[in-house]
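Work through the exercises below with the sequence and the 3D view at hand. Each task is followed by a solution in steps.

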Amino acid sequence: MHPFLHRLPSLPRTAFALLLLTGPAAAQLAPAGTAPPLACEAYAAGPMIEAQLFFGRNIGNELGVSDRDWTAFLDGEVTPRFPNGLTVTDASGHWRDVQTGRLVREPSKILTLLADGDPATLNLIREIVEMYKERFHQQSVGLAIRPVCVSF
């Protein structure tokens with residue numbers, strides 16, 4: 001899998017605060033030098049993080065993580081950590097191997113989680129990344145985290 005992120009920092013929830021407005025309107029809402037609150041109330045929603053994890057399925061040049069292997073990992077490791085729900089999408093990953101310079105294409109899974117951005121949640125995400133890399137001999141698992149407003 002693409003080696004663009006290897007570690008998830010433990011940051012306080014306020015580090016994920018983001019204002020949905022930009023430009024002059026944003027400057028009027030918060031004093032200079034302070035982070036404005038996430039404006040979720042305007043959408044009848046609450047602030048959370050959206051974490052997307054990108055799992056490559058090849059081991060070397062061959063498909064090494066079968067559908068059965070993926071389902072066992074999802075059911076045994078991911079779902080117990082995030083029992084309130086998640087989304088899995090099939091994908092085709094493309095990335096350049098930094099060791100060989102070769103373009104690699106591989107079947108992938110994208111896991112999307114909506115959760116609190118507290119240190120305990122971030123640690124659970126880190127555990128999933130490390131377990132997948134170890135179990136399936138992966139260089140890395142891609143990870144993108146962003147603040148979002150969520151309602152169900």
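A residue counts as buried when its relative accessible area is under 20%, as exposed when it is over 50%, and as partly exposed in between. The model used here is predicted.

**Exercise 1. The chain as a whole**

Task: State how many helices and strands the chain has, their order, and what percentage of the residues count as buried.

Solution.
- Step 1. The chain contains three helices and six strands.
- Step 2. Along the sequence these elements follow the pattern α-β-β-β-α-β-β-α-β.
- Step 3. The chain has 152 residues, and 37% of them count as buried.
- Step 4. Take the contacts between residues at least 6 apart in sequence: 72% of these join residues at least 24 apart.

**Exercise 2. The disulfide**

Task: Find which cysteines form a disulfide, and explain which parts of the chain the pair ties together.

Solution.
- Step 1. The cut-off for a disulfide is a pair of cysteine sulfur atoms within 2.5 Å.
- Step 2. The sulfur atoms of Cys40 and Cys149 are 2.2 Å apart, and these residues form a disulfide.
- Step 3. By this rule the count is one disulfide.
- Step 4. The angle about the S-S bond is -85°, and the link of Cys40 and Cys149 is left-handed.
- Step 5. Cys40 sits in the loop between α1 (24-29) and β1 (46-56), while Cys149 belongs to strand β6 (residues 142-150), so the pair ties together parts 109 residues apart in sequence.
- Step 6. Cys40 has 0% relative accessibility and therefore counts as buried. Cys149, at 25%, counts as partly exposed.

**Exercise 3. The largest nonpolar core**

Task: Name the residues of the largest nonpolar core that touch the most other members, and say which elements give two or more residues to this core.

Solution.
- Step 1. The core has 21 residues, and those touching the most other members are Leu53, Phe55, Phe73, Ile125 and Tyr132.
- Step 2. Two or more residues come from each of β1, α2 (67-81), β5 (103-115) and α3 (119-135).
- Step 3. α3 gives the largest share, five residues.
- Step 4. Take Leu53 as an example and leave out residues up to four places away in sequence: among the residues that Leu53 touches are Lys109, Leu111, Ile125, Val129 and Leu143.
- Step 5. As a general point, nonpolar side chains in soluble globular proteins tend to be buried together.

**Exercise 4. The largest pocket**

Task: Describe the lining of the largest pocket by residue class and by the elements that supply it.

Solution.
- Step 1. The volume of the largest pocket is about 270 Å³.
- Step 2. Its lining has 15 residues, and Met48, Asn84, Gly85, Leu114 and Ala115 lie nearest the centre.
- Step 3. By class, the lining has eight nonpolar, five polar and two charged residues.
- Step 4. β5 and α3 each supply at least two residues of the lining. The largest share, three residues, comes from β5.

**Exercise 5. Positive phi values**

Task: For Ala44 and His137, give phi, the loop, and state whether each is buried or exposed.

Solution.
- Step 1. Most residues other than glycine have a negative phi.
- Step 2. Ala44 is not a glycine, yet its phi is positive, about 50°. His137 also is not a glycine, and its phi is positive, near 55°.
- Step 3. Ala44 is in the loop between α1 and β1, and His137 is in the loop between α3 and β6.
- Step 4. Ala44 has 65% relative accessibility, so Ala44 counts as exposed. His137 has a relative accessible area of 61% and is exposed.

Key:
Residues numbered from 1 in each chain as written. Predicted model: local features only at pLDDT ≥ 70, side-chain atom pairs only at ≥ 80, totals over all residues. Heavy atoms only, no water. Helix = DSSP H or I, 4+ residues; strand = E, 2+ residues; numbered from the N terminus. Buried < 20%, exposed > 50% of the residue type's maximum accessible area, 1.4 Å probe, protein only. Core = buried A, V, L, I, M, F, W, Y, C linked by side-chain atoms within 4.5 Å. Contact = heavy atoms within 4.5 Å. 1 Å grid on protein atoms, 1.4 Å probe; cavity = no way out; pocket = protein on both sides within 12 Å on 5 of 7 lines; lining within 4 Å. Points joined across faces, edges and corners; volume = space filled by probe spheres on them. Nonpolar A, V, L, I, M, F, W, Y, C, P; charged D, E, K, R; others polar.
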